[in-house]
Amino acid sequence: MNTIYADYNATTRIDPEVRAAMDEAMEVGFGNPSSIHRAGQAARRLIDQARARVARLINAATEEIVFTSGGTEADNLAVLGVAQAAKGERRRVVTSAVEHQAVLAPCTFLQEQGQPVTFLPVDGDGKIDGAALEAAAKPDVVLMSVMLANNDVGTVQPIADVVKAAAACGAVVHSDAVQAAGKLPIDVNGLGVSLLSFSSHKIHGPKGVGALYVRRKIPMVPLVHGGRQERLLRPGTENVAGIVGFGKACELAQARLASDSRRVASLRDRFEGQILANVSGTRINGNVANRLANTSNIAFVGLDGEAITINLDMAGMAVSTGAACSSADKTPSHVLVAMGQSAAVARSSVRFSFGRDNSDEDIERAVDLVVRTVKLLRGANR
Ligand code: PLP
């Protein structure tokens, strides 16, 4: 029997249409996009078309898209690029305690270099604290970086409040939309952000490619130096096939967003309802009223989330205990800890994240596998 894949927040399967577009790009777009001959111009045209598709997903202008090697690089470019361009007294970065490491780590790096950083606390649902945000909005702030939706629990952040606070103190706003893209409609103009990161492999595109939306005239410096590609913000010969695949994935995500998220929400809700009804000692982590439609983070109080994950894998279901890059170590999710959960409850939690290829039958089987796994582990605990 096939494995039930319920770890879409870690990564997604590449769409066959994306793969076909990449195959063709490797054939007809082998030239260097910076070359003036026809082979180069063919590659350039492919990048231009992909850039337009990527821009359309977030309602940006084509020239505001800077291609990167993924979400991590886009986040680093936003945080370090703006912070390192800062001059005078305005140098502080404000972020939240529940960001992905791709934002937290560059913020910590800045702090170690002597640049001031404020980490906003969150409430029990993982939403940033409004009073702390207001208090942080001081004239020394150069950048506010708050994610659109959280990867571990799915909580959607009040970006409009962040934009308002930033406007009050003259700061630039960045939002990590790596998990939100393809799951929520995104309009960078409606949101009012100046920088927004997203990543191809979370939306059925290839790994190793992503983008940073950079509104015109945002003062920032590049992380790497070299050629003139990507408005000088990300020099280096472009990953043509990857960019083409990302463009196709964005086009598909846009066309399917409404129907996919409705269907996935109903699968997630059915799964969650049945687990809560059939497994004692379970509760949902995150903002149930305002979270990503595909994400269900469940605490199995008294059990070890990692043991559940390993047993489910052996039984034929792929889930995770949190961000893929940190689930290999034993420390509890910093997101759940910031939400006020005890280390024990945080360690008992499992993230189920559903997606496009999940079926009704997957959900029936998933519930059965989770119920049986918990029974097995509780029996083993006695
Ligand atoms: N930001 C968030 C919220 C994520 O969930 C991830 C990946 O899990 C990233 C950033 C990093 O993206 P990438 O894997 O493309 O480097």
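In this predicted model, a polar side-chain atom of Lys202 lies 2.6 Å from an oxygen atom of the ligand. Asp176 also places a polar side-chain atom 2.6 Å from the ligand, in this case from a nitrogen atom. Gly71 makes its approach through the backbone. One of its backbone N or O atoms lies 2.8 Å from a ligand oxygen atom. On its own, the ligand has 390 Å² of accessible area, and the protein covers 86% of this.

The shell around the ligand holds 13 residues. The closest are Gly71, Thr72, Asp176, Ser199 and Lys202. By character, the shell divides into eight polar, three charged and two nonpolar residues. Helix H3, residues 71-83, gives the largest share of the shell, with three residues.

Helix H3 also belongs to the surroundings of a sheet. This sheet is open and has seven strands. Their order is S2-S8-S7-S6-S5-S3-S4, and the pairing is mixed. Strand S2 (65-68) and strand S4 (117-120) are the edge strands. Each of these two pairs on one side only. From one strand to the next, the twist averages 20°.

Within the seven-stranded sheet, strand S3 (residues 92-96) and strand S5 (residues 141-145) run parallel. Four bridges join S3 to S5. In one of the pairings, Thr95 has Ser145 of S5 as its bridge partner. Helix H3 packs on this sheet and touches S2, S3, S5, S6, S7 and S8. The direction of H3 makes about 160° with that of S7. Strand S7 spans 195-199, and strand S6 spans 172-176. Helix H8 meets the sheet as well. It lies across S2, S7 and S8, and runs at about 100° to S7.

A second sheet is built from three strands. It is open, with the order S9-S10-S12 and antiparallel pairing. Strand S9 (282-285) and strand S12 (349-353) stand at its edges. Each has a single partner strand, so one side of each is left without a neighbour in the sheet. Neighbouring strands here are turned by 30° against each other on average, direction ignored.

Four bridges pair S9 with strand S10, residues 295-300, in the antiparallel sense. Arg283 has Ala299 in S10 as its bridge partner. Two helices pack on the three-stranded sheet. Helix H8, residues 240-278, touches S9, S10 and S12. The direction of H8 makes about 10° with that of S10. Helix H9, residues 305-315, touches S10 and S12. The direction of H9 makes about 45° with that of S12.

Helix H8 thus appears in the account of each sheet. It touches S9, S10 and S12 in the three-stranded sheet, and it lies across S2, S7 and S8 in the seven-stranded one.

Definitions and conventions: Residues numbered from 1 in each chain as written. Predicted model: local features only at pLDDT ≥ 70, side-chain atom pairs only at ≥ 80, totals over all residues. Heavy atoms only, no water. Pairing = 2+ DSSP bridges. Axes fitted to C-alpha atoms, helices over the stretch in contact; angles between N-to-C directions. Contact = heavy atoms within 4.5 Å. Near = heavy atom within 4 Å. Polar contact = N/O pair within 3.5 Å; in protein donor to acceptor, adjacent residues only side chain to side chain. Areas by Shrake-Rupley, 256 points an atom, 1.4 Å probe, with all protein chains shown as cover. Nonpolar A, V, L, I, M, F, W, Y, C, P; charged D, E, K, R; others polar.
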